[in-house]
Amino acid sequence: MSDGVIFLIVIPLVILYFINCVIVVTKKKKYPFVEENEQAQERATSLRRSLNDEEDLNESPKDIEPEAIEGIDIGDDSSKNIEMNYQNFKLVMSKTGSATFNLVAVYFLEYVCTTGFADVLSRKFKDHADDKDQFFIANAYPIFAF
């Protein structure tokens, strides 16, 4: 493929990426800022305090009981969780599906494009190089793909 054909193939993907970024920015303006949970901050502070005590550092993790950590009752929050089923999965995906798709598409295309370009560039180096025994020419693909 020529460079012009490759450029024309990539243009729609760039446009889709731009539109997705615009959607994410408008959603950020639409939803209010959620302040941090004070109770969670207090729990994190007490956990840090208990981990900084020399007594707790000398105990092995097996010896520490859940009640030894101040203010955290392990197990209470997990009993209130909703069961994950198909209906709940659809609900989660309706709220996070576009961001998930965006991340998957961006990283997949990034790795496909970079390794593809590294392959083409390394072949062109090998075809047009005067001294094919040079380290850079012999290892062009791993260097560019890395």
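**Reading the features of a helical model**

Me: How many salt bridges does the count come to in this structure?

Reply: The count comes to one salt bridge. The model is a predicted one, and every value discussed here is computed from it. The criterion is a side-chain nitrogen of Lys or Arg within 4 Å of a carboxyl oxygen of Asp or Glu. Here arginine 123 is paired with aspartate 119, and their closest N and O atoms are 3.3 Å apart.

Me: Where do arginine 123 and aspartate 119 lie?

Reply: Both belong to helix α4, where four residues, about one turn of the helix, separate them.

Me: Are the two partners, arginine 123 and aspartate 119, buried or exposed?

Reply: Such a label depends on relative accessible area: buried is under 20%, exposed is over 50%, and partly exposed is in between. Arginine 123 is exposed because its relative accessibility is 54%. Aspartate 119 is partly exposed, since its value is 28%.

Me: Which residue has a side chain that reaches the backbone oxygen of aspartate 119?

Reply: That residue is serine 122, whose side chain reaches this oxygen at 2.8 Å. Aspartate 119 therefore appears in two separate readings, through its salt bridge with arginine 123 and, by way of its backbone oxygen, through serine 122, with the cut-off for a polar contact being 3.5 Å.

Me: What else can be read about serine 122, and is this residue buried or exposed?

Reply: Serine 122 lies in helix α4, which covers residues 86–128. With a relative accessibility of 4%, serine 122 is classed as buried because this value falls under the 20% limit. When residues up to four places away in sequence are set aside, serine 122 touches Ala140 and Tyr141.

Me: Which residues does phenylalanine 144 touch, not counting residues up to four places away in sequence?

Reply: Contacts of this kind show which parts of a chain meet. Phenylalanine 144 touches Ala118, Leu121, Phe125 and Phe136. Its own place is in helix α6, residues 140–145, and its relative accessibility of 33% makes phenylalanine 144 partly exposed. A backbone view adds to this: the C-alpha atoms of phenylalanine 144 and threonine 114 are separated by 8.1 Å, although the two residues are 30 apart along the chain.

Me: Where does asparagine 20 lie, and which residues does it touch?

Reply: Asparagine 20 is found in helix α1. Beyond its sequence neighbours up to four places away, asparagine 20 touches Ser98 and Asn102. At 14% relative accessibility, asparagine 20 is counted as buried.

Me: Which residues form a nonpolar patch on the surface?

Reply: A patch is read as a group of side chains rather than residue by residue. Phe7, Leu8, Ile11, Ile15, Phe18, Ile19, Val22 and Ile23 form this one, and together they have about 750 Å² of accessible area. Isoleucine 23 sits in helix α1, residues 3–30, and is partly exposed because its relative accessible area is 38%.

Me: How many disulfides does the count come to?

Reply: A disulfide is a covalent bond between the sulfur atoms of two cysteines. In this model the count comes to zero disulfides. The accessibility of individual cysteines can still be read. Cysteine 21 is partly exposed at 29% relative accessibility, and cysteine 113 is also partly exposed, at 30%.

Me: How many helices and strands are there in the protein?

Reply: The protein has six helices and zero strands, so the order from the N terminus reads α-α-α-α-α-α. Of its 146 residues, 8% count as buried. The accessible surface comes to about 12,900 Å², and carbon and sulfur atoms account for 63% of it. Among contacts with a separation of 6 or more, 36% join residues 24 or more positions apart.

Notes
Residues numbered from 1 in each chain as written. Predicted model: local features only at pLDDT ≥ 70, side-chain atom pairs only at ≥ 80, totals over all residues. Heavy atoms only, no water. Disulfide = S-S within 2.5 Å. Buried < 20%, exposed > 50% of the residue type's maximum accessible area, 1.4 Å probe, protein only. Helix = DSSP H or I, 4+ residues; strand = E, 2+ residues; numbered from the N terminus. Polar contact = N/O pair within 3.5 Å; in protein donor to acceptor, adjacent residues only side chain to side chain. Contact = heavy atoms within 4.5 Å. Patch = residues over 30% accessible without salt bridge, like charges linked within 9 Å, V, L, I, M, F, W, Y side chains within 5 Å. Areas by Shrake-Rupley, 256 points an atom, 1.4 Å probe, with all protein chains shown as cover.
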